[in-house]
Amino acid sequence: MKLDSKIPAGPLAEKWTKHKFNVKLVNPANKRKYDVIVVGTGLAGASAAASLAELGYNVKSFCFQDSPRRAHSIAAQGGINAAKNYQNDGDSVFRLFYDTIKGGDYRSREGNVHRLAEVSVNIIDQCVAQGVPFARDYGGLLANRSFGGAQVSRTFYAKGQTGQQLLLGAYSALSRQVANGKVKMYPRTEMLDLVMVDGKARGIVARNLITGEIESHSAHAVLLCTGGYGNVFFLSTNAMGSNVTAAWRAHRKGALFANPCFTQIHPTCIPVHGDFQSKLTLMSESLRNDGRVWVPKDKATAEKVRKGQVKPADIAEADRDYYLERKYPSFGNLVPRDVASRNAKDVCDDGKGVGSTGLAVYLDFADAIKRDGEDTIRAKYGNLFDMYQQIVGENPYKTPMMIYPAVHYTMGGLWVDYNLQTNVPGLYALGEANFSDHGANRLGASALMQGLADGYFVIPYTLGDYLAQNPADKISTDHPAFKEAETGVKSQIEKLLSINGKKPVDQFHKELGHIMWDYCGMSRTAEGLKKAKKMVQELRDEFWKDVKVVGTADELNMSLEKANRVADFLELGELMIDDALNRNESCGGHFREEYQTEEGEAKRDDENYSYVAAWEYNGPGKATLHKEDLVFENVKLTQRSYK
Ligand SMILES: Cc1cc2nc3c(=O)[nH]c(=O)nc-3n(C[C@H](O)[C@H](O)[C@H](O)COP(=O)(O)OP(=O)(O)OC[C@H]3O[C@@H](n4cnc5c(N)ncnc54)[C@H](O)[C@@H]3O)c2cc1C
């Protein structure tokens, strides 16, 4: 299979402008003849559905939550990047482009990333026009703060609730179209299959989560805006419901899955505190603007801290190791996430970790409070501090926070071309569900930017180009392709309910998570990955023999919902392992212990692995690799350095 990224020719900065002019248009009177399914109502889905309906298309919008406003995007805390250069600190579209390519360890496409940087500035204007209450400085202008991997301040924010405010903006735009009759909402409805007719995506089969009814919906194009798959690790900062099912079912129907092993482990999360925990909590990266990361310099002191014999405040400055500031003086505490996470793991592995488990480092605000005052710190991060205090039971204004890396975001996802179209005609993937813009490591505050870029500014052009070249003929859900997909969905549900084994779904999920974290998490080896592959295969076999799914098919049944999702995670897990095994290099969040520099940093192999790994489904555990070579014409590939 030849993968065509469809990156337009010409100078980098002109590609998108030219492409927008060259794409075909659907005239206003014809737009109402086309139906578009948008699965997902997070920032990517809500912005896409609202924008397409505003243009005149008929949109059907799906989510599994009871309200579109509950999409996982609402959890986003720290901010959204944009190359506005309001700070006059040297930012530009090219610098945001460059930081993103470098941050992703040179494993993303130049064309996509430059477009993202270009439209970033429009996103802020759009959101301000919608009334999103971004933080402002004393003079009333929009304020900025810094995020990792950048030496400029370009992150726009609304306290520690940026995702919530942005989603309310997108939701308002969506609601306007619901009221206009251009968007029909289907909450509590879960897509369980993609329907293809004549090789094109023409609809979905979904389950009404309240009644259990299996429904078919037809359209001229299907957009998957279904978020990331970090919950394959069981414990992650993602919302509990986040899953891979929509993308995976599309993958099973032929859509390629790209770079599945590129997972982001976020350095600042509240450490795991027990075996019965089912969720991890993020402490936003924005805290690294003011918080200083450290551990005790020697192991004996760390041991005393762990036993509760010494308090952090009792440790003298000279006995602390501010290891990020020491190792990376230029970027200090604001190194990118992959670098900060690996360093936290290293110091803990070295016996210098704190907290009762030894798997924690300090994030200390004492200096910032002394410098700026507690009120200033409260105004910036108050809700995050409150959250920390409620969960940990310690006051972070008085004693340093404890943090440890946790699974947070997935850079991999469905393969898409420049138009955000998968290799299946008529099937698009937006937001975290696609693989496109972040390479092997996403920079902080760039996911919200990408989701909204895709939904507000890219898909309105590129989808029109596809629809203009396809007839507006409606297709009935009585078509055999719909009936076949419905039968497949129903028979999987019946199978899950009929096993009646002994082990609950969550137990399988937890065991899968342990395998993934231990062998395909923050660091990986060929040996460990091979072992993990076998373990996942065995767990999957056991699942299909011994899972216990309670209840029936025709009712609200969360055990059944989870079983469907975990069944897909059990296949995805193996693909992630295959992908990590295939990539004999380290890059960004993919750290293979065999490939590291003398200083312990990720060592790429550009000669052999400068490609997107796009996998084709051939049955569980069987995938064929297709490569899209990455072409760099505007940046020079170098060993990433944040020193
Ligand atoms: C705690 C936390 C904080 C974060 N903070 C930031 C930040 O400050 N800045 C930043 O840039 N990024 C941040 N991120 C990342 C960012 O929030 C996400 O990457 C982004 O919100 C994903 O948006 P999305 O629209 O792609 O998907 P989501 O918001 O995950 O939405 C997915 C949608 O798809 C629907 N869906 C999924 N599967 C199905 C199905 N089968 N059928 C029907 N509907 C389905 C869901 O119902 C939901 O509506 C954070 C992430 C976390 C976990």
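This briefing walks through the sheets, two buried helices and the ligand shell of the structure above. The model is predicted, so please read each feature in that light. One sheet has 5 strands in the order 11-15-14-12-13, and another has 3 strands in the order 6-7-8. Helix 10 packs on the sheet that holds strand 11, strand 12, strand 14 and strand 15, and a shell of 45 residues surrounds the ligand.

**The five-stranded sheet**

- This sheet is open, and its pairing is antiparallel.
- Strand 11 and strand 13 (320–321) lie at its edges; each has a single partner strand, so one side of each has no neighbour in the sheet.
- Within the sheet, strand 14 and strand 15 run antiparallel and are joined by 3 bridges.
- If you would like a landmark for that pairing, look for L363, which stands opposite M401 of strand 15.

**Helix 10, packed on that sheet**

- Helix 10 touches strand 11, strand 12, strand 14 and strand 15, and its direction makes about 65 degrees with that of strand 11.
- Of the 13 residues in helix 10, 11 are buried, so the rest of the structure largely encloses this helix.
- Charged side chains feature in that buried set, which includes R337, D338, R342 and K345; V339, A340, A344, V347 and C348 are also among the buried residues.
- The cover over the buried residues includes helix 9 (323–327), along with strand 11 (263–269), strand 12 (292–296), strand 14 (361–364) and strand 15 (401–410).
- The length of helix 10 (residues 337–349) checks out: at 1.5 Å a residue it should span 18 Å, and its end C-alpha atoms are 18 Å apart, which agrees.
- After helix 10 comes G351, with a positive phi near 85 degrees.

**Helix 4**

- Helix 4 (residues 93–103) is also largely enclosed by the rest of the structure, because 8 of its 11 residues are buried.
- Its buried residues are V93, L96, F97, D99, T100, I101, K102 and G103.
- Strand 3 (80–81) and helix 5 (110–130) are among the elements that cover them.
- Just after helix 4, D105 has a positive phi of about 55 degrees.

**The three-stranded sheet**

- Strands 6, 7 and 8 form an open sheet with antiparallel pairing.
- Its edge strands, strand 6 (189–197) and strand 8 (214–218), each pair on one side only.
- From one strand to the next, the twist averages 25 degrees.
- Strand 6 and strand 7 (residues 200–208) pair over 8 bridges, and E190 has R207 of strand 7 as its bridge partner.

**The hairpin and its extra partner**

- Strand 20 and strand 21 make a hairpin with 5 residues between them, and G619 in the turn has a positive phi of about 110 degrees.
- The two strands, strand 20 and strand 21 (residues 623–629), run antiparallel with 7 bridges between them; Y611 stands opposite D629 of strand 21.
- Strand 20 (residues 611–617) is also joined to strand 10 (residues 257–258) by 2 bridges, again antiparallel, and F257 has W615 as its bridge partner in strand 20.

**Around the ligand**

- G40, G42, S73, G227 and G431 come nearest among the 45 residues around the ligand.
- The elements giving two or more residues to this shell are helix 3 (43–55), helix 6 (162–179), strand 6, helix 7 (245–252), strand 15 and helix 13 (447–468).
- By class, the shell has 24 polar, 19 nonpolar and 2 charged residues.

Terms used. Residues are numbered from 1 along each chain as its sequence is written. This is a predicted model: local features need pLDDT of at least 70, side-chain atom pairs count only at pLDDT 80 or more; totals for chains, interfaces and linings use all residues. Two strands pair if DSSP finds at least two bridges between them. Helices (H or I, at least four residues) and strands (E, at least two) are DSSP runs, numbered from the N terminus. Axes are lines fitted to C-alpha atoms, for helices over the stretch in contact, and angles run from 0 to 180 degrees between N-to-C directions. The expected span of a helix is 1.5 Å times one less than its number of residues. A residue is buried if 20 or more other C-beta atoms lie within 10 Å of its own, exposed if 12 or fewer, and partly exposed in between; C-beta atoms are placed from the backbone. Two residues are in contact if their C-beta atoms, placed from the backbone, lie within 7 Å. A residue is near a molecule or strand if its C-beta atom, placed from the backbone, lies within 6 Å of it.
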